[in-house]
Amino acid sequence: PVRVTLQVKGELVFKDYSSPFVQKIYVYSNLARIDFCTGFLPCGRNYRLRVCFPTNVKKGNVRHEIPFGSVKRPEGEYSAWRWVDYADKEKGVCLINQGLPGNNITDGVILLSLFRAANIKGRNDSDSGFGEGERREFRYTLRPFSQADKTYLPHREAEKINSPFLSGIVIPGRGNLSPTMSFLEVSPDNVVLSCFKKEGDALILRLYEAAGKGVKAAAIILKSPFCLSEAKETDCLGREIKKYSFKGNKISFPLAPFELKNFVLKIKTEEKGKRP
């Protein structure tokens, strides 16, 4: 009831070599995406393995994710951080990679480089670059969308796929924590939290605007058992830029398109003696 898996087996035939492969394609009942897992055994030398997706998008716009934002580019091969999408005024397709930055869009076809069996003579005396006999596995996702689809947020989709939800069974403790709890909330959806760590009695946060739209009033809401005692914006070296006032455990701030901001939040616990 959750998903259907299609498995394809065969051989990749090159000029002088052939390599066995197994590809699993996952289609979900309630998710607007298709996941792929392609494994193969490299054989031979001096070739490149790519997967391609022909589309019916013509003369569309190409966007690649880069660190802390995205950029429009012409057709061709470029490095993309986690996703690339290709869309016209009505529809589009997003290809989300997992550690595969070589992306190419040409004549309506989306291509993703999976493997290169190459050795640069004069720079590397080892043949390990060919990867012969070492089984490889590659994962990537296709996410079709329409321009009217308000749920399509490529940075959120890429984050979910590259940082999947982890679950586990634990024995209930004797503490006073609630059944559900979150450390903090960040809003709206185009604001992304990229760093969150505790340092002494402070929390270090890094956020950025991911959609290129800008936000007049982004918000951070700290959850129990933390209480804010001080909030300040810093540069990337931790030097103070300005202090923010806050109401309860909430601070609000503007973000320009693709702007990145760092915050240091001083915290205290709600009850004396309770450890955060």
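**A218 stands opposite F253, a residue of strand β19.** The model shown is predicted, and local features are therefore described only where pLDDT is at least 70, side-chain atom pairs count only at pLDDT 80 or more, and totals for chains, interfaces and linings use all residues. Residues are numbered from 1 along each chain as its sequence is written, and side-chain values use heavy atoms, with hydrogens and water left out. Strand β16, which covers residues 215–222, runs antiparallel to β19, and five bridges join the two (a strand is a DSSP run of E with at least two residues, a helix a run of H or I with at least four, and both are numbered from the N terminus; two strands pair if DSSP finds at least two bridges between them). In general, strands of a sheet pair through backbone hydrogen bonds, either parallel or antiparallel.

**Strands β13, β16 and β19 build an open sheet, in that order and with antiparallel pairing.** At the edges of the sheet lie β13 and β19, the latter spanning residues 250–255, and each of these two pairs on one side only. Between β13 and β16, which run antiparallel, there are four bridges. Following the partners across the sheet, V186 has I220 in β16 as its bridge partner, while I220 in turn has I251 in β19 as its bridge partner.

**Strands β5 and β6 form a hairpin with two residues between the strands.** The two strands pair in the antiparallel sense, over five bridges, and one example of this pairing is V62, whose bridge partner in β6 is R73. In this hairpin, attention may also be given to F68, which takes a positive phi near 65°.

**H64, a residue of strand β5, is shown with its surroundings.** The relative accessible area of H64 is 1%, so this residue is described as buried (buried means under 20%, with a 1.4 Å probe and protein chains only). When residues up to four places away in sequence are not counted, H64 touches S70, V71, R73, Y78, S79, A80, W83, V84 and N103 (contact means heavy atoms within 4.5 Å).

**F115 lies in strand β11, which runs over residues 109–117.** F115 is also buried, because its relative accessible area is 7%. Leaving aside neighbours within four places in sequence, F115 is in contact with F40, P42, Y47, R48, L49, F130, G131, R136 and F138. Although R50 and F115 are 65 residues apart along the chain, their C-alpha atoms are separated by 7.1 Å.

**The largest pocket holds about 480 Å³ of space.** On a 1 Å grid over the protein atoms alone, a pocket is an open set of points where a 1.4 Å probe fits, with protein on both sides within 12 Å along at least five of seven lines, and lining residues have an atom within 4 Å of a point. Of the 20 residues that line this largest pocket, the closest to its centre are R63, Q147, Y152, P154 and K213. At least two lining residues come from each of β5 (61–66), β6 (69–73), β8 (83–87), β12 (136–146) and α1 (154–162), and β8 gives the most, with three residues. By type, the lining of the largest pocket divides into eight nonpolar, five polar and seven charged residues (Ala, Val, Leu, Ile, Met, Phe, Trp, Tyr, Cys and Pro count as nonpolar, Asp, Glu, Lys and Arg as charged, and the others, Gly among them, as polar).

**The second largest pocket has a volume of about 330 Å³.** Its lining is made up of R156, E159, M181, S182, F183, L184, E185, V186, V192, L193 and F196. Two or more of the lining residues of this second largest pocket are given by each of α1, β13 (184–187) and β14 (191–199). Seven residues of this lining are nonpolar, one is polar and three are charged.

**The whole protein contains one helix and 20 strands.** Taken along the principal axes, the C-alpha atoms of the protein fill a box of roughly 70 × 50 × 45 Å. The protein has 276 residues, of which 38% are buried. Among the contacts in the protein with a separation of 6 or more, 61% are between residues 24 or more positions apart.

Definitions and conventions:
Grid points are joined across faces, edges and corners, and a volume is the space filled by probe spheres set on the points. Buried means under 20% relative accessible area, exposed over 50%, partly exposed in between (1.4 Å probe, protein chains only).
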